[in-house]
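Trainee: Please walk me through this chain. I will ask short questions.

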Amino acid sequence: ERGLVPAGSDLGGAIQGLLHVSEMGWARVADTTQVVKPGDPITVKVLRLDKDKIALGLKQLMADPWSAVPDTYTIGHAYKGRVTRVADFGVFVELEAGVEGLVPLSETGIAKGGDVKKAFPAGTSLDVVVLEVDAATRRIRLSVTAIQKMHEADEVREYTERVDTAPSDNFGSLADKLRDALDPGRRRV
């Protein structure tokens, strides 16, 4: 019968269960000893009973981080994540433990033929914009170029606000006005 079983307990007849690394947590587990060590008493869920083995799960006893994704991650908003790995088709970014999104190559801002692995090494902190969320398939599409566009829009807005509030004598070239905006201490003679 499927249910909760204290792992390591005698199931009778020298039957052992397997807790696969993919069932240890919602996030990728690189080092299993960070989750469990031999001899640790843990409670697991029986996932499958086969003729020769019992498949066990630990993550099923934890809250699924994807259940809150639609409410947590809003399309068009910026978030900070961590690069977990780079593939031929894009960069995987962990937004929180167990929630990973993909920055497709076209959204990395790297020129075609550029070295994506060098630009986005694993472990690097990265600002991204959420383009699409599909909680049913557990996929989030992210963008780095959208962050760059946001920064450019902020710079234009800041410049416009400076120019609009600066006193104007309506004389001089546009180049003079740009220099004045960038170097307010500069005086024209």
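Trainee: Which side chain meets that of Arg28 in a salt bridge?

Mentor: Start with the term: a salt bridge is a side-chain nitrogen of Lys or Arg within 4 Å of a carboxyl oxygen of Asp or Glu. The Arg28 bridge spans 3.6 Å, N to O. The partner of Arg28 is Glu100.

Trainee: How many residues apart are Arg28 and Glu100?

Mentor: Strands (E, at least two residues) and helices (H or I, at least four) are DSSP runs, numbered from the N terminus. Arg28 is in the loop between strand 2 and strand 3, whereas Glu100 is in strand 7. The pair links distant parts of the chain, and the separation is 72 residues.

Trainee: What kind of model is this?

Mentor: Residues are numbered from 1 along each chain as its sequence is written, and side-chain values use heavy atoms, with hydrogens and water left out. Local features need pLDDT of at least 70, side-chain atom pairs count only at pLDDT 80 or more, totals for chains, interfaces and linings use all residues, and the model is predicted.

Trainee: Is Arg28 buried or exposed?

Mentor: Cut-offs first: buried means under 20% relative accessible area, exposed over 50%, and partly exposed in between (1.4 Å probe, protein chains only). Arg28 has a relative accessible area of 59%. So Arg28 is exposed.

Trainee: Which residue does Glu100 also bridge to, with N and O atoms 3.7 Å apart?

Mentor: Glu100 forms a salt bridge with Arg85. This pair joins strand 7 to strand 5, across 15 residues. Salt bridges with shared partners put Arg28, Arg85 and Glu100 in one network. The residue you asked about is partly exposed, at 32% relative accessibility, and its name is Arg85.

Trainee: Which residue meets Asp127 in a salt bridge?

Mentor: The closest N to O distance here is 2.8 Å, between Asp127 and Lys80. Asp127 lies in strand 8 and Lys80 in strand 5, 47 residues apart. Asp127 is partly exposed, at 35%. The exposed partner, at 54% relative accessibility, is Lys80.

Trainee: How many salt bridges does the whole structure have?

Mentor: Side chains of opposite charge can pair when their charged atoms come close. You have met bridges such as Arg28 with Glu100. A search of the whole structure gives a total of six.

Trainee: In what order do the elements run from the N terminus?

Mentor: The chain has four helices and nine strands. From the N terminus, the order is β-β-β-β-α-β-β-β-α-β-β-α-α.

Trainee: In which sense do strand 3 and strand 4 pair?

Mentor: Two strands pair if DSSP finds at least two bridges between them. Strand 2 (residues 17-19) joins strand 4 over three bridges in the parallel sense. Strand 3 (residues 42-49) and strand 4 form a hairpin with four residues between them. Strand 3 and strand 4 have four bridges, and their sense is antiparallel.

Trainee: Which residues of strand 4 point the other way from Ile54 and Leu56?

Mentor: In a regular strand the side chains alternate between the two faces of the sheet. Strand 4 covers residues 54-57, and the four residues are all buried. Ile54 and Leu56 point one way; opposite them are Ala55 and Gly57.

Trainee: How many residues are in the largest nonpolar core?

Mentor: A nonpolar core is a set of buried Ala, Val, Leu, Ile, Met, Phe, Trp, Tyr and Cys residues joined through side-chain atoms within 4.5 Å. Among the residues with the most contacts inside the largest core are Val91 and Phe120. Strands 5, 6, 7, 8 and 9 each supply at least two of its residues. The size of this core is 19 residues.

Trainee: Which residues does Phe120 touch?

Mentor: Contact means heavy atoms within 4.5 Å. Residues up to four places away in sequence are not counted. The list is Val83, Val86, Val91, Thr108, Ile110, Leu126 and Val144.

Trainee: How many aromatic pairs does the search find?

Mentor: Rings of Phe, Tyr and Trp (its six-membered ring) pair if their centres lie within 6.5 Å; planes under 30 degrees apart count as stacked, over 60 as edge-to-face and the rest as tilted. The search of the whole structure gives a count of two.

Trainee: What is the angle between the planes of Tyr73 and Tyr79?

Mentor: Tyr73 and Tyr79 are both buried. Their ring centres are 5.0 Å apart. The pair is edge-to-face, with an angle of 70°.
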